[in-house]
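Colleague: Could you take a close look at one part of this predicted model for me, the aromatic pairs, and then walk me outward to the open spaces? I'd love one connected account that I can follow with the structure on screen.

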Amino acid sequence: MTWKIPLFRMYWDEDDIRLVNEAIRSGMQWAAGPKIAEFEQGISEYIGSKYCLTFNSGTSALHAALAAYGIGKEDEVIVPSFTFIATANVPQFVGARSVFADIEEKTWGIDPNDVLEKITKNTRAIIPVHYGGCPCDITALRDIADDHNLFLIEDAAEAFGAKIGDRKVGTFGDSGMFSFCQNKILTTGEGGAMVTESRDIYEKMKLLRSHGRLETCDYFSTSSVMDYVSLGYNFRISNITAALGIAQLNKVEKIIKIRREDASRYIHDLNRIVPEISIPNIPPKYFHVYQLFSVIAQDRDSLIKYLDTEGIMSKIYFSPVHLTDFYKNTLNYQCTLPVTEKIAGSTISLPFYPGIPPSDIDSVVRAIRDFYGGR
């Protein structure tokens, strides 16, 4: 379907084209190349972490992290169900079991109180999600992880640049993952990264990222024979992708500023004329980057259908993972998560991207108002 108002668009400029063109026109190093290390260094400096490794997706980054931490059979990893399914799937990749905890209503992040209820002798890690660009209650989760000797691996796929006070998400955990999929704050089409303070974990993930190969130089630019010292995967990004990432990173503060301004317009207009829509309040000192603009809507499913007829795309982010066919009927999960089910049953993500025309925001708000007024 061709939408009059799409859910998102990528933010790009001539700098993106120039840097990608340079990487292509080099005629070499389209796979491995110097732009990868440059992109990783830039992310480390921006986020405030010692080490960064890029991957072909955020999912691959999480997979490599769990493997690097030695999580496997008979281990349990506590995750939210209110997330993209990759968060819950990754423990399964390494033979561990995902244990679902409920979320809280303040940030829609995993609830520290319910996490405490789900910890057992087999628990090895917690993977909290910073939903939609808003930090979760990560400081409380850090305390829990420390008290119970657990790894804390942040799923900050949607929250590049989000922070609490002056500290960016991704630095509260033992490691932090970011996604660069096409609708994210910083995008390379597909891609991801993991940041950490641990040299040991960094080196292990580096092996896992590239077939377990012990790389002392660029594999494609040497005649030397390299050894393979562990099992690994092909989780790398390309030099071309990294060039695009550098261009995006150069303007990420501008992108975030525009997102926050656009979100403020939505919030003002919806609060003013649409009482059937509820917008979450952001806790003090929390810096929301608005990768998604999600709200609670009365009669949500009918609203989605109405917006469809108006050519306005919306989406449910997210349906609970524990209620999917695979988790219910194949993995035989049976759990009740009341807050997750309540919020997931009424949330809707509205069209949103940096630079969305004010006229499009006006059209979305008008359509929502007409829907509720017309009932």
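Modeller: Tyr-46 and Phe-160 are both buried, so let's begin with that pair. This is a predicted model, and the structure holds 25 aromatic pairs. The ring centres of Tyr-46 and Phe-160 are 5.2 Å apart and their planes meet at 5 degrees, so this pair counts as stacked; the cut-off for stacking is under 30 degrees. Now look at where the two partners sit. Tyr-46 belongs to helix α2, while Phe-160 is in the loop between β5 (151–155) and β6 (163–164), so the pair ties together parts that are 114 residues apart in sequence. Both residues also belong to one aromatic cluster, together with Phe-39, Phe-178 and Phe-180.

Another stacked pair is worth finding on your screen. Tyr-233 and Phe-235 have ring centres 4.8 Å apart and planes at 10 degrees, so they are stacked too. Are these two residues buried or partly exposed? Tyr-233 has a relative accessible area of 30%, so it is partly exposed. Phe-235 has a relative accessibility of 10%, so it counts as buried; the limit for that word is under 20%.

Some rings have a charged partner over the face. Arg-97 lies over the face of Tyr-333, 4.3 Å from the ring centre. Lys-163 does likewise with Phe-287, at 4.9 Å from the ring centre.

From the rings, we can move to the open spaces. Helix α2, which spans 34–47, takes us to the second largest pocket, as α2 gives the most to its lining, with 6 residues. β1 (51–55) and α7 (199–209) each supply at least two residues to that lining as well. The pocket holds about 480 Å³ of space. Its lining has 25 residues, and those nearest the centre are Ile-36, Ala-37, Lys-206, Arg-209 and Glu-215. By class, the lining splits into 12 nonpolar, 5 polar and 8 charged residues.

The largest pocket has about 560 Å³ of space. Among its 29 lining residues, Phe-84, Ile-85, Glu-158, Lys-184 and Phe-318 are the closest to the centre. At least two lining residues come from each of α3 (58–68), α4 (86–93) and β8 (175–179), and α3 has the largest share, with 3 residues. Sorted by class, the lining has 13 nonpolar, 11 polar and 5 charged residues.

There is an enclosed space to look at as well. Searching the whole structure turns up 1 cavity of 30 Å³ or more, and its volume is about 150 Å³. It is lined by 22 residues, with Phe-8, Asn-183, Arg-259, Gln-291 and Phe-352 nearest its centre. The lining divides into 13 nonpolar, 6 polar and 3 charged residues.

Finally, a word on confidence. The protein chain has a mean pLDDT of 96, and 100% of its residues reach 70 or more. Among its elements, β5 has the highest mean, 99, and helix α13 (residues 358–374) the lowest, 95. As a rule, predicted coordinates should not be read in detail where pLDDT is low.

Terms used
Residues are numbered from 1 along each chain as its sequence is written. This is a predicted model: local features need pLDDT of at least 70, side-chain atom pairs count only at pLDDT 80 or more; totals for chains, interfaces and linings use all residues. Side-chain values use heavy atoms; hydrogens and water are left out. On a 1 Å grid over the protein atoms alone, a cavity is a set of points where a 1.4 Å probe fits but cannot get out, and a pocket is an open set with protein on both sides within 12 Å along at least five of seven lines; lining residues have an atom within 4 Å of a point. Grid points are joined across faces, edges and corners, and a volume is the space filled by probe spheres set on the points. Helices (H or I, at least four residues) and strands (E, at least two) are DSSP runs, numbered from the N terminus. Ala, Val, Leu, Ile, Met, Phe, Trp, Tyr, Cys and Pro count as nonpolar, Asp, Glu, Lys and Arg as charged, and the others, Gly among them, as polar. Rings of Phe, Tyr and Trp (its six-membered ring) pair if their centres lie within 6.5 Å; planes under 30 degrees apart count as stacked, over 60 as edge-to-face and the rest as tilted. Buried means under 20% relative accessible area, exposed over 50%, partly exposed in between (1.4 Å probe, protein chains only). A charge sits over a ring if NZ of Lys or CZ of Arg is within 6 Å of the ring centre and within 35 degrees of the ring normal. pLDDT is the predictor's confidence in each residue, from 0 to 100.
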